[in-house]
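Work through the exercises below with the sequence and structure open. Try each task before reading its solution.

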Amino acid sequence: VFKPSARQNSTENLSYFNTMDDLEDTEEAAFVAEDVNNIIKESIDSILLNASYNQTKVAQWTTNVVEVTLKRLTALAKPFKYVVTCVIMQKNGAGLHTASSCYWDNATDGSRTVRWENKTMYCIATVFGLAI
C-alpha cells in the first residue's frame, strides 16, 4: 500500500490503493477473459450440444446463444456494457472471414471470441465488454 506524503504535488500522476478493499474492487470490476470464455462455451453447449445443423432453427439458436450469454454476463454484476454476437454456419467447406475493431481502454475493456463446432456446424460467438 503506497500513501503519498502531504508534501507531494497533487498534480503528479500517482497510482495506489489505500486499502485492500480498493484492490478487491478493482479486481471485481475487471474484464476476466477466462470467465467470459467459459460463459460463452457453456451457453453454446446448452443450446447446440446435441443439435445437427437445421436451417429452419438457426435464427432461434443464434438468438438463444446471444440471450443466454448476455443473461449470464449480467448476472456477474460487473460494471460493464456488453455486446454479444453469434454466427452459426453449416459445415460445408465454405469460408467465412470476419473482422472487428474497437476504440477502448485496454486497461478495463476486453473481448473474447469462441469458435465452437460439432460434426455439422460451426458457432462463432463474440463478447465485447466495455467498462462503465
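**Exercise 1.** The model is predicted. Find how strands S2 and S3 are connected and how they run.

*Solution.* Start with the pairing. S2 covers residues 110-117 and S3 covers residues 121-131. They run antiparallel, joined by 8 bridges. Next, follow the chain between them. A hairpin of 3 residues leads from S2 to S3. Finally, pick out one bridge. Arginine 115 has isoleucine 124 in S3 as its bridge partner.

**Exercise 2.** Test the length of helix H2 against its expected span.

*Solution.* Count first: H2 has 16 residues. The expected span is 1.5 Å times one less than that number, so it should be 22 Å. The C-alpha atoms at the ends lie 22 Å apart, which agrees.

**Exercise 3.** Which residues of H2 are buried, and which are exposed on the other side?

*Solution.* List the buried residues: Val36, Asn37, Ile39, Ile40, Ser43, Ile44, Ile47 and Leu48. They cover an arc of only 160 degrees around the axis, so they sit on the same side of H2. Glu34 and Ser46 are exposed on the other side. Now look at the cover over the buried residues. It includes helix H3 (58-74), strand S1 (80-90), S2 and S3.

**Exercise 4.** Classify asparagine 38 by accessibility and locate it.

*Solution.* Asparagine 38 belongs to helix H2, residues 33-48. Its relative accessibility is 32%. Buried requires under 20% and exposed over 50%, so asparagine 38 counts as partly exposed. Then compare sequence with space. Asparagine 38 and valine 114 are 76 residues apart in sequence. Their C-alpha atoms are 9.2 Å apart.

Key
Residues numbered from 1 in each chain as written. Predicted model: local features only at pLDDT ≥ 70, side-chain atom pairs only at ≥ 80, totals over all residues. Heavy atoms only, no water. Helix = DSSP H or I, 4+ residues; strand = E, 2+ residues; numbered from the N terminus. Buried < 20%, exposed > 50% of the residue type's maximum accessible area, 1.4 Å probe, protein only. Pairing = 2+ DSSP bridges. Arc of directions from axis to C-beta. Contact = heavy atoms within 4.5 Å.
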